[in-house]
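The following exercises concern one protein chain and are to be worked with its coordinates open. Each task is followed by a solution in steps.

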Amino acid sequence: MPEGGRVSIACKVNGHAHTLEVHPMARLLDLLRDELHLTGTKEGCGEGECGACSVLLDGELVNSCLVPALHADGADITTIEGIGGSSRLHAVQEAFITAGGAQCGICTPGMVLAAVNLLERNPNPTEEDVRTALAGNLCRCTGYVKIFDSVLRACQRTQAQT
Ligand code: FES
Ligand code: FES
C-alpha cells in the first residue's frame with residue numbers, strides 16, 4: 001500500500017511502462033517533471049493559458065498543468081522526449097531550427113507537440129490550419145511567423161520524402 005496517502009497508478013510514457021505512486025492532488029505536469037524527470041515539458045502559467053506544458057494523452061493534445069496525475073492511470077503519454085532528441089530529431093524539430101522557430105525555447109516543446117498532433121490529423125495543413133492548431137500555445141519571443149513557417153516547412157519536407 002503506498003505511503004502518505006499516495007495512490008498507485010500505471011501508465012506508459014514515451015513507450016515505457018511505469019508504475020508510480022502519486023499524490024492525489026498532483027498534476028500530470030508534476031508526474032512528468034518531478035517523478036520521471038522529463039523536464040522538456042515546461043511550466044509557464046500553470047493555469048491552462050500558455051500551452052508550455054502540452055503533451056499528448058492517448059493521442060490528444062492536453063495542458064498537463066490542468067490534468068490530474070490520477071488521470072494518467074492506464075494512459076499512453078507522449079512528451080517532447082518521445083518526439084525526438086539530439087540524436088534523432090523529428091522533422092518538425094529540424095524545421096524549427098532551420099526556420100528560426102525557437103528563441104528562448106520555453107514554448108518550443110509545446111509548440112512542437114501541437115504541430116506534430118496537427119500533422120498526424122492533417123498532413124497537408126494550410127497556414128490557417130496551423131494558426132488554429134497552435135492557437136493555444138503562446139510565445140513571447142518569435143512573433144509567431146517563424147513558428148508557422150517552421151510547421152509548414154516540416155509539412156513540405158515530409159511530403160517531399162513520401
Ligand atoms: S503551464 Fe500549462 S498551460 Fe501554461
Ligand atoms: S521562443 Fe521564447 S516563448 Fe517562444
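Contact means heavy atoms within 4.5 Å. Helices (H or I, at least four residues) and strands (E, at least two) are DSSP runs, numbered from the N terminus. The structure is a predicted model, in which local features need pLDDT of at least 70 and side-chain atom pairs count only at pLDDT 80 or more, while totals for chains, interfaces and linings use all residues. Residues are numbered from 1 along each chain as its sequence is written, chains are lettered from A and ligands numbered from 1 in the order in which they are written, and side-chain values use heavy atoms, with hydrogens and water left out.

**Exercise 1. The packing of α3 and α6**

Task: State which residues of α3 and α6 meet, and characterise the geometry of the pair.

Solution.
Step 1. On the α3 side, the residues are Ala 91, Val 92, Glu 94, Ala 95, Phe 96, Thr 98 and Ala 99. On the α6 side, they are Lys 146, Ile 147, Ser 150, Val 151, Arg 153, Ala 154, Arg 157 and Thr 158.
Step 2. The two axes lie 8 Å apart, at an angle of about 130 degrees. Axes are lines fitted to C-alpha atoms, for helices over the stretch in contact, and angles run from 0 to 180 degrees between N-to-C directions.
Step 3. Angles under 35 degrees count as roughly parallel, over 145 as roughly antiparallel, 65 to 115 as roughly perpendicular and the rest as oblique. α3 is therefore oblique to α6.
Step 4. The crossing of α3 and α6 is right-handed; a crossing has this hand if the near helix is turned clockwise from the far one by less than a right angle, and is left-handed if anticlockwise.

**Exercise 2. The packing of α3 and α4**

Task: Repeat the analysis for α3 and α4, then list the buried residues of α3.

Solution.
Step 1. α3 and α4 pack with axes 9 Å apart and an angle of about 130 degrees. They are therefore oblique to each other, and their crossing is right-handed.
Step 2. From α3, Val 92, Gln 93 and Phe 96 make the contact; from α4, Thr 108, Met 111, Val 112, Ala 115, Val 116 and Leu 119 do.
Step 3. Buried means under 20% relative accessible area, exposed over 50%, and partly exposed in between (1.4 Å probe, protein chains only). In α3 the buried residues are Ala 91, Val 92, Gln 93, Ala 95, Phe 96 and Ala 99, and they pack against α2, α4 and α6.
Step 4. After α3 comes Gly 100, with a positive phi near 75 degrees.

**Exercise 3. The nonpolar cores and the domains**

Task: Locate the largest nonpolar core with respect to the domains.

Solution.
Step 1. A nonpolar core is a set of buried Ala, Val, Leu, Ile, Met, Phe, Trp, Tyr and Cys residues joined through side-chain atoms within 4.5 Å. The largest has 24 residues, and those with the most contacts inside it include Val 92, Phe 96, Met 111 and Ile 147.
Step 2. Two or more residues each come from α2 (80-83), α3 (91-99), α4 (108-121) and α6 (145-161). The largest share, eight residues, is that of α4.
Step 3. This core lies between domain 1 (7-83) and domain 2 (91-161), because both give residues to it. Domain bounds come from an automatic or database domain assignment.
Step 4. The domain centres, taken over C-alpha atoms, are 22 Å apart. The contact between the domains takes 15 residues from domain 1 and 12 residues from domain 2.
Step 5. Beyond neighbours within four places in sequence, Met 111 is in contact with Phe 96, Leu 134, Asn 137, Leu 138, Cys 139, Tyr 144 and Ile 147. A second, separate core of 19 residues includes Val 22, Leu 32, Leu 38 and Val 62.

**Exercise 4. Backbone angles and accessibility**

Task: Determine the phi, place and accessibility class of Asn 14 and Tyr 144, and the class of Glu 128 and Ala 160.

Solution.
Step 1. Asn 14, which is not a glycine, has a positive phi near 50 degrees. Asn 14 sits in the loop between β1 (7-13) and β2 (16-22) and, at 21% relative accessibility, is partly exposed.
Step 2. Tyr 144 also has a positive phi, of about 75 degrees, without being a glycine. Tyr 144 belongs to the loop between α5 and α6 and is partly exposed at 25% relative accessibility.
Step 3. Glu 128 lies in α5 (residues 127-133) and is exposed, with a relative accessible area of 54%.
Step 4. Ala 160, in α6, is exposed, with a relative accessible area of 65%.
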